[in-house]
Amino acid sequence: MKKILFAASESVPFIKTGGLADVIGSLPKYFDKEKYDVRIVLPKYLCISEEYRKQMEYLTHFYMYYNGRNRYVGILRIDYEGIPCYFIDNEEYFGGSEPYGDHLYNLEKFGFFSKAVLAILPSIEFQPDIIHCHDWHTGLVPVYLRTQFAADEFYTDMKSIITIHNLRFQGNYSIEKIKEITGLPDYLFTPDKLEAYQDANYLKGGIVYADRVTTVSETYTEEIKTPFYGERLEGLLWARSNSLSGILNGLDYDEWNPATDPFIAQRFTISNFRQKKKKNKAALQDELGLARDPKAMMVGIVSRMTDQKGFDLIQRVMEEMVDEGIQFVVLGTGEWKYEEMFKQFAARFPRQVSANIFYSNDLSHRIYASCDAFLMPSLFEPCGLSQLMSLRYGTVPIVRETGGLKDTVEPYNEYENTGTGFSFTNYNAHEMLEAVRYAKSVYTDNKRRWNQIIDRGMAQDFSWAASAVKYEALYDEMLREEEPEADAPAEETPAEEAAEE
C-alpha cells in the first residue's frame, strides 16, 4: 500500500476561495483504495463552518518551536467520504473570519503550517511515502523535509511533489524577515535555493527541493518555461524539465452532471439534449428577464472579472457583439471597471444582457446547462474548469489557445467535421471577435453541425478518474526511482543564476 499525504491551504467542503479547493477535495477520492492510502492535511481555520468543526475528533497536541518560541500544534481529524482529513490547530495563526490575511501574515502562518505538516506525522502514526504539496502555501514542506527534518530517520525515505496551480502567486518577502520567521539557516537563502531577486520565495524553495514538480495541464508546463508565462522563474523551471510534468485537473462528474443536476430546469443527457437543453435556455431567459428568443445565441461567462481572464478583450468589442444580437449571461465579481461595463450594458439592453455581479453556485449550474456557448478568452489559464463544465453540459466553449484551454478544447474544423469548440491564438480582441462570429455562423446556419460539436464535447472524459490514473503512474515512477543525492538541489544553480540575470 502506497501512502500519500496531500498538503494544501484549502479543500472543499471545509474551506474554499478558488479552484485549488476543488482539486484537493475531489482528487483523493478517485485513487484505487486497495493500492493507495491517500490522506489530506489542512489548517483548522476558525472560519470553517460549525457543521464541520463539531465533527472534528481531537487527537493530540504538542508544542513546536517556530518564530522565536514554542507554538501550540493541535491535531484533529474527520473522515470525509472515505478520506482521512487532518486539521492543524493554532488559533493565533488560523483564527479570524477569512482563511487569508495580509501578505506577511500569510507567509508567517503558512511557514508554520509547512513545518507542522511534517511535525505531526509521528503523532498521527502516518509515515507517507510521498507528500504532495500544492502551491506556494506548502512550498516550505520540501525545504524543511530536506533540511531540519532530514536527520530524523522517520523522514529519511519520504519524497515530495509540488504542484503549481498558478505560478503568478509565489509567496515572497525580504530574506531577513523570512529567516527570522521560519528559522531556516542562512545557506538556504542563495540564488540556487530560496532567494529570488533579493527576496525569499516559498514556491521557489518548493520547486528546488521537491523530488518532482507538476502543473495542472501539459501546455501550461511548457508555457512556464518561457519568459512570458514564467513569472521570472522560467530559468529554474527549464533546469528542472526532467522532473517537471503536467497532469490536467479533472471535474467532479457527480456534482457536475446534467442528468442529475438539482439546480437546472430540465435534466438531460447526450442522447436527449436536442429536446431538453432548449427548455433550460427558455427557463433561464425567463428567470433573468431576457427576451425568450430560441434563435438568439446565448453566451455565458462565469468568472472572476480580471485582465487574466481576458475581460479587457471583451470590453474592447462588447458593443459589436451586442449589436450582432448575441445574448450574454454574466456571473461573477472582480475589477470595478468590468463590473460597471456589464451593468451598463444590462441597463441599456435589459432583454439582451444579464449582469449578475455576485457569485451563485446554483445560477452557475443553470448558465452551463442553458447557454449555447461559453466565452473564456484568458491571457493565461493553468487549467481552467469552466470549459470542462461547459463541455459536460453541451455548451460550446469559445477559448483562447493557452494552458488547459488548449489541452481540452479541440478547435472546430468544418472540412473534417471535427472539434469540440472554437478557439483563437493571439491575445487580440478582434481575433476573439472573429472566433465568436464564426461560432455564431455555425450556430445560426448549420444547426446539425452545431449539435455534432455538442455531441463530441459531451462525450469527452475529463473526470477526476482519468487524472487520478496519471497521478498513480507518477507516484509509482517516483517510488521506483533511486533516492536523490543529498546535494541534488545544488544542481539547479546554473538555471537559477540564469533566472537572476
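Let's begin with the rings: this protein has 34 aromatic pairs, counting Phe, Tyr and Trp rings whose centres lie within 6.5 Å. Keep in mind as you click around that you are looking at a predicted model.

**Stop 1: one ring pair**

Select Phe94 and Phe112 and show their side chains. A pair of aromatic rings is described by the distance of the centres and the angle of the planes. Here the centres are 6.0 Å apart and the planes meet at 55°, which makes the pair tilted. Now colour the two helices that hold these rings: Phe94 sits in helix H3 (residues 91-94) and Phe112 in helix H4 (residues 103-119), so the pair ties together parts that are 18 residues apart in sequence.

Are these two rings buried or exposed? Turn on the surface and look for them. Phe94 is buried, with a relative accessibility of 1%, and Phe112 is buried too, at 0%. Both values fall under the 20% cut-off for a buried residue.

**Stop 2: the cluster around the pair**

Keep Phe94 and Phe112 selected and add Tyr45, Tyr66, Tyr93 and Phe113. Ring pairs link these six residues into a cluster.

**Stop 3: a loop with a Phe in it**

Next, select Phe358. You will find this residue in the loop that runs between strand E15 (353-356) and helix H14 (361-370). How does Phe358 sit relative to the surface, buried, exposed or partly exposed? Phe358 is partly exposed, with a relative accessible area of 38%.

Now show what Phe358 touches. Leaving aside residues up to four places away in sequence, its contacts are Leu331, Gly332, Thr333 and Leu363. Then add Arg304 and draw a distance between the C-alpha atoms: Arg304 and Phe358 are 54 residues apart in sequence and 9.8 Å apart in space.

**Stop 4: the whole protein**

Zoom out and switch to the cartoon view. The protein has 20 helices and 18 strands. Its radius of gyration is 24 Å, close to the 23 Å given by the globule rule for 501 residues, so the protein is as compact as a globular protein of that length. Rotate the C-alpha trace and you will see a span of about 70 × 50 × 40 Å along its principal axes.

Colour by burial next: buried residues make up 59% of the 501 residues. Among contacts between residues at least 6 apart in sequence, 73% join residues at least 24 apart.

Finish with the surface, which comes to about 20100 Å² of accessible area, 47% of it belonging to carbon and sulfur atoms. For a last view, colour the charges: the mean positions of the 54 positive and 77 negative charges are 8 Å apart.

Definitions and conventions
Residues are numbered from 1 along each chain as its sequence is written. This is a predicted model: local features need pLDDT of at least 70, side-chain atom pairs count only at pLDDT 80 or more; totals for chains, interfaces and linings use all residues. Side-chain values use heavy atoms; hydrogens and water are left out. Helices (H or I, at least four residues) and strands (E, at least two) are DSSP runs, numbered from the N terminus. The radius of gyration is taken over C-alpha atoms; the globule rule is 2.2 Å times the number of residues to the power 0.38. Buried means under 20% relative accessible area, exposed over 50%, partly exposed in between (1.4 Å probe, protein chains only). Contact means heavy atoms within 4.5 Å. Accessible areas come from the Shrake-Rupley method with a 1.4 Å probe; for residues, only the protein chains shown count as cover. Lys and Arg count as positive and Asp and Glu as negative; His and the chain ends are not counted. The place of a charge is taken as NZ of Lys, CZ of Arg, CG of Asp or CD of Glu. Rings of Phe, Tyr and Trp (its six-membered ring) pair if their centres lie within 6.5 Å; planes under 30 degrees apart count as stacked, over 60 as edge-to-face and the rest as tilted.
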